Every structure is written in C-alpha cells, then in structure tokens.
Amino acid sequence: MATKQTKTLATFMVAPSVIMLFLWMIVPLCMTIYFSTLRYNLLDPGNEAFVGLENYIYFLTDPDFFTALGNTLILVGSVLFITVVGGVLLAILLDQPFFGQGIARLMVIAPFFVMPTVSALIWKNLLMNPVSGFFAYLAKLVGVEPIDWLGDHALLSIIILVAWQWLPFATLILLTAVGSLDGERKEAAEMDGAGPISLFYYIILPHLARAITVVILIETIFLLSIFAEIFVTTGGGPGLDTTNIAFLVYSQALLQFDIGGASAGGIVAVILANIVAIFLVRMVGKNLDA
Amino acid sequence: MGRIVLEKVSKYFGDVLVIPSIDLEVEDGDFVVFVGPSGCGKSTLLRLIAGLEDTSGGRILIDDVDVVAEPPAKRGLSMVFQSYALYPHMTVRNNIAFGLKMAGMDKASIDKKVNHAAKILDLGSYIDRRPGQLSGGQRQRVAIGRAIVREPKAFLFDEPLSNLDAALRVQMRLEISDLHNELKTTMIYVTHDQVEAMTLADKIVVLNAGNVEQFGSPLDLYNSPRNKFVAGFIGSPKMNFIEGKHAEKYKVPTVGIRPEHLGINTKQSVGAWIAKVGIAEHLGSDTFLYVDAEDIGQLTVRVSGELNVSHGDIVYLTPDETRLHRFDGDGMTITAAK
C-alpha cells in the first residue's frame with residue numbers, strides 16, 4: 001500500500017499519540033490493580049497493608065454482587081432490545097417521504113443531546129413522580145391509581161429512561177443504513193413479488209445487519225457503565241433493586257470508604273465487560289466483515 | 001405469449017411532461033430495443049411497462065389485458081437492472097430462487113427451475129457463492145438467471161451492459177442474443193448505445209424527448225431514416241449533414257451522407273469536393289478521416305482498409321448519389337424526389 005519510507009514516517013508520526021493513549025490507559029489500570037490488593041479504607045488512613053486477593057474474595061462472595069450483576073445484565077439486555085427493535089421501526093418510518101420529515105427527524109434525535117443527569121431529573125420529577133408527574137396526571141384523568149414508578153417498578157423505570165436516551169442513537173445509525181439501500185434492489189424485489197413484509201424481512205433487515213451490529217456493540221459499552229441515571233433517580237434502591245456493577249463499585253468506594261474493595265470491584269467489572277464484549281463480537285461480529 | 005401494446009401512454013413527473021403520448025405495438029417474440037439520447041424517456045417508458053412507475057394517462061396491454069392498475073409482480077414480466085440489483089446477503093441460488101419463493105412455489109420445483117436456469121447460463125461453478133464474490137459479467141448472468149426462472153411473458157432490460165468493460169460487453173451482447181433465440185420470449189431492451197441496438201434488435205424504437213421518432217428494423221432505420229434525428233443517431237460514425245451551396249444542387253435545404261458512402265480519391269477528379277485531412281484514425285480494418293471540406297466544413301469519411309494519408313493532405317470526395325438522404329426545412333426526409 002505504501003512505500004517503506006512513508007510507513008516509517010507514519011510510525012513516527014503516530015507514536016506520540018499512541019504512547020499517550022497507552023499511558024492514559026495503563027497507569028490507572030495498574031494503580032487500580034495495585035489498590036485492589038491493599039487493605040485501604042479512608043476511615044482508617046495510614047494503615048494500608050498488602051492483603052493479596054482478599055478484596056476480590058470479599059467482593060465476589062458478597063450477595064450484593066450477584067444482584068448487581070443480574071441488574072446490569074437485565075438493564076443492558078432490555079435497553080438493547082428496545083432500542084434496536086424501536087430503532088429499526090422508527091428508521092423505516094422516518095425514511096418514508098412525508099410532510100415535515102426534516103423536523104420529525106430532528107425531534108426524534110433530540111433526546112440524545114440531553115445530558116443523562118438532566119433527562120434523569122426530568123423523568124424523575126416531571127414524568128414519573130407519583131404525585132405531580134405527568135404519568136400520574138394521565139392516570140388520574142382516566143381514574144386509575146397512579147403508579148409509583150421509581151418506587152414500585154424501579155428497574156423498569158430505569159430501563160424506560162435509558163432506552164429513551166439511546167433510542168435516538170440507534171435510530172440515527174439505522175436511518176442512514178436504511179437510506180443507503182439501493183432503490184433498484186427494492187424494485188427488483190418488488191418485481192419478484194415481495195410484499196411489504198417480505199421486503200422488510202428478506203431485503204431491508206439483512207441490509208441493516210451490519211448497522212444493528214454497530215449499534216449493539218457501541219451501546220453495550222456505554223450501557224454496562226450506566227451510572228448518572230441511577231444516581232440521580234433511585235440511588236441504587238429501593239434496597240438493591242437498581243444497583244448495577246458501576247453503582248456497586250461507587251457505593252463501596254464513596255459510601256463505605258473502602259478503596260481496596262472498590263478497586264477490586266472495578267477490576268471485576270472490567271473483566272466482566274470484556275467477557276460480554278467477547279460474546280457479543282462472536283455472536284454478531286461476523287456481520288462486520290463484508 | 002408476450003404481446004405488449006401501448007396506447008396513448010403519457011407520463012408526468014410533477015409538472016414536467018416526460019412522455020407526451022406514445023403508441024407502440026410489440027409483437028410476441030420480438031426483440032425490441034428502445035434507443036435514444038440521455039433523458040429521452042426510454043428508461044421511464046420501460047419502467048412504465050414494468051409497473052415501477054404509474055402512468056399519467058393511456059393504457060398498457062399485455063396479451064390484450066390492461067395492466068395499468070396491476071402491481072409489477074402481477075404483470076408477468078421480469079426485469080434486469082443496470083446495477084444488477086442482486087441481493088448481496090443471499091447466495092446466487094437464493095437470489096435466483098427468491099421470486100419463486102415469493103410466489104409460494106414448493107422447494108422441489110424451485111430447485112428444478114433454478115438448476116435449469118443455472119445450466120442455461122452456465123452458473124454451476126459459482127451457484128453457492130454470494131454476489132460480492134462475483135465479477136461483473138457473472139453478476140450480470142445471475143441477474144438474467146433471476147429473470148429467466150420466473151418464465152415471464154417478456155423480459156425487460158434496463159441498460160444491462162453499461163457497467164461492463166468493452167470486451168465483456170460484446171460477449172454478453174452475443175449471449176443475450178443467443179438467449180433470445182433459445183427462449184423466443186419477447187424482450188424489451190433499453191440502451192443509449194446504438195451499436196447494441198443495431199446488433200440485438202429485431203425492431204428499434206428511436207426515442208427523442210419522449211416521442212417515438214421511428215419504429216422499424218435496424219436496416220430500415222439505417223437505409224431510410226424518417227428524419228434528420230434518426231439519420232444522425234443511427235450509424236457510427238455519425239452521418240454528415242451538408243447545407244448551403246452543395247445541398248442546393250439537390251434542390252433541398254439539407255442533404256445527408258454517411259461516412260461510408262463518400263468516395264475518396266487522392267488525385268484530382270471532376271466535380272468532387274476538395275477537402276483537407278485533419279485527423280486520420282488508422283484502425284487497420286478501417287480508416288476514419290476527419291476532413292475540412294471547402295464550402296462545407298467538417299466531414300467524416302470512412303474508408304475500408306488502409307489508406308495512406310495523413311494530416312494536411314488534400315483529398316477529393318465524391319458522394320454516392322444513391323445513398324444520399326434529402327431533408328426538408330423541418331428535418332423530415334424527402335423520399336419522392338429521386
């Protein structure tokens with residue numbers, strides 16, 4: 001592709017940023033690993049001591065960990081399902097020519113630009129509040145007992161909130177993919193006698209496979225570490241109902257002041273994320289090579 | 001059967017009238033080529049017949065049934081697209097079988113038909129590959145295979161060869177011709193390439209600005225073009241049009257003479273047009289001369305075989321009087337005055 005000279009030059013040119021990025025990753029990682037092997041509690045400063053894998057054993061045998069792991073997987077899985085299915089349908093809908101298409105597209109994409117904390121506050125106080133929220137108002141309007149969303153269905157509420165945030169992203173990616181479908185291919189299918197449902201199932205959906213893969217991979221990375229939405233709305237509660245791994249690590253470190261335990265939890269979270277990533281890439285990654 | 005009749009078919013895109021009104025009869029088993037310059041409405045006309053566009057007026061009859069209100073799949077036609085429009089995620093076999101599957105045919109019959117089509121088109125060695133792994137010519141064959149298996153009343157081709165390189169184009173042209181001889185199905189073929197039109201067609205429709213300029217066999221169009229447009233469009237290199245002093249001799253405003261009907265002499269001859277050679281293209285089998293003739297202007301001359309002239313030489317041209325085309329002021333051919 002390139003000459004030997006340009007390759008050497010390129011190596012030197014990218015070296016500073018590669019080294020920078022590598023240090024950026026490796027230094028915190030090493031420090032976290034180091035902290036995770038210490039007895040290091042902020043309430044007991046100056047008494048740090050090496051304890052080996054004790055922090056890990058403590059974290060992994062904690063029943064809270066399994067609850068948090070389950071919550072994380074439910075949250076990620078549900079949000080992925082909602083955003084991908086909803087995103088595909090919305091993308092196809094928005095691809096149809098209709099009056100006000102541009103405005104409609106903008107409105108659909110808008111939630112993505114709202115900060116997580118802000119949208120969490122809006123959902124908590126303006127929509128899901130059982131007394132003054134909009135949903136409660138609607139329920140009262142039809143004479144139904146208002147639902148205490150964040151109290152009684154906390155995890156479901158978080159799922160709805162996060163899905164609302166990520167649906168625009170999925171829609172945006174899938175919309176461009178739908179738009180890139182060759183018109184002649186659709187016409188060929190039409191000549192072959194494919195109706196709207198066959199057209200969707202046999203032509204459009206396979207065409208979207210790659211875009212769906214990209215959406216799933218990118219969303220998974222971010223959804224595994226959802227924190228702000230939980231912190232603002234439920235604080236991990238009630239009980240442990242909405243505590244995911246990220247929130248558990250936070251509560252170890254800053255609510256229980258156990259830096260060693262939190263570091264161990266952080267490393268466990270990194271390993272878990274990698275396992276999920278490997279499975280995902282195995283499952284859907286084959287769509288990525290053309 | 002595949003008799004296609006157009007009656008007063010017209011098409012608007014918004015407020016733009018693309019096809020004013022076309023009447024056309026395609027007989028069963030004919031190979032008809034629509035030819036014309038870009039934007040003449042030839043592809044639109046094909047898409048109207050296919051049902052991919054709605055007509056704005058008129059009737060389209062396939063075997064005496066008006067199909068204007070029918071969706072494309074119900075018309076019994078197959079189409080081969082310019083981009084081939086294969087389904088990239090399906091194997092060649094599934095691409096070809098897709099239409100049959102949509103028609104709800106059972107698997108055994110589908111397999112039989114696909115294998116038959118694969119045999120006709122020689123697809124055997126790559127039947128289980130995907131379109132992305134095939135060359136342009138192979139993709140084109142698959143696209144034709146997809147059209148064949150449905151056993152349509154007529155095939156529609158929309159510039160199917162324009163994405164291929166020159167050598168492959170000649171080969172595919174022959175294959176399509178063979179296919180027509182074998183299947184004897186009506187074919188309608190759209191192209192802007194008049195060589196393709198001349199070589200493939202039983203009948204050519206020359207279109208210009210949405211109007212049929214002439215409908216006839218290739219040699220009809222070559223020998224007796226109805227007007228100046230057809231005369232200029234059919235034949236390569238283009239016909240020379242001569243106005244002024246030399247046309248007045250024949251008592252018409254314009255005369256046309258094809259490059260191959262100009263006699264050429266390097267020695268002085270009586271009554272000949274004197275011309276200076278601009279560019280000489282020596283192709284071996286032919287020599288094309290672009291000459292600047294006195295009182296006429298730029299002329300193209302085609303000489304069979306080799307002719308040893310080069311830039312700046314003076315040559316003497318004599319038109320073959322029997323192959324001279326006479327045009328009136330409106331560009332229509334005058335036939336009576338011989």
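In chain B of this predicted model, strands β11 (residues 240–243) and β12 (residues 254–257) run antiparallel and are joined by four bridges. Strand β18 (residues 325–327) of chain B also pairs with β12(B), again in the antiparallel sense, through three bridges. Put together, that makes an open three-stranded sheet in the order β11-β12-β18, with antiparallel pairing.

**The sheet, strand by strand**

- The edges of this sheet belong to β11 and β18 of chain B, and because each has a single partner strand, one side of each is left without a neighbour in the sheet.
- From one strand to the next, the twist averages 25°.
- Want a spot to look at between β11(B) and β12(B)? Try I242(B), which stands opposite V255(B) in β12(B).
- For the β12(B) and β18(B) pairing, go to G256(B), whose bridge partner in β18(B) is H325(B).
- As a general reminder, strands in a sheet pair through backbone hydrogen bonds, in either a parallel or an antiparallel way.

**Domains of chain B**

- The domain assignment splits chain B into domain 1 (4–232) and domain 2 (240–327).
- Taken over C-alpha atoms, the centres of domain 1 and domain 2 of chain B are 39 Å apart.

**Chain B as a whole**

- Count up the secondary structure of chain B and you get nine helices and 18 strands.
- The C-alpha trace of chain B spans about 75 × 45 × 35 Å along its principal axes.
- Chain B has 338 residues, and 37% of them are buried.
- Among chain B contacts with a separation of 6 or more, 63% are between residues 24 or more positions apart.

**Where chain B meets chain A**

- The contact draws on 16 residues from chain B and 14 residues from chain A.
- On the side of chain B that touches chain A, the elements giving two or more residues are β6 (77–80) and α2 (92–102) of chain B.
- Of these, α2(B) supplies the largest share of that side, with three residues.
- Sorted by class, the side of chain B that touches chain A has eleven nonpolar and five polar residues, and no charged ones.

Technical notes. Residues are numbered from 1 along each chain as its sequence is written. Chains are lettered from A and ligands numbered from 1 in the order in which they are written. This is a predicted model: local features need pLDDT of at least 70, side-chain atom pairs count only at pLDDT 80 or more; totals for chains, interfaces and linings use all residues. Two residues are in contact if their C-beta atoms, placed from the backbone, lie within 7 Å. Ala, Val, Leu, Ile, Met, Phe, Trp, Tyr, Cys and Pro count as nonpolar, Asp, Glu, Lys and Arg as charged, and the others, Gly among them, as polar. Two strands pair if DSSP finds at least two bridges between them. Domain bounds come from an automatic or database domain assignment. Axes are lines fitted to C-alpha atoms, for helices over the stretch in contact, and angles run from 0 to 180 degrees between N-to-C directions. A residue is buried if 20 or more other C-beta atoms lie within 10 Å of its own, exposed if 12 or fewer, and partly exposed in between; C-beta atoms are placed from the backbone.
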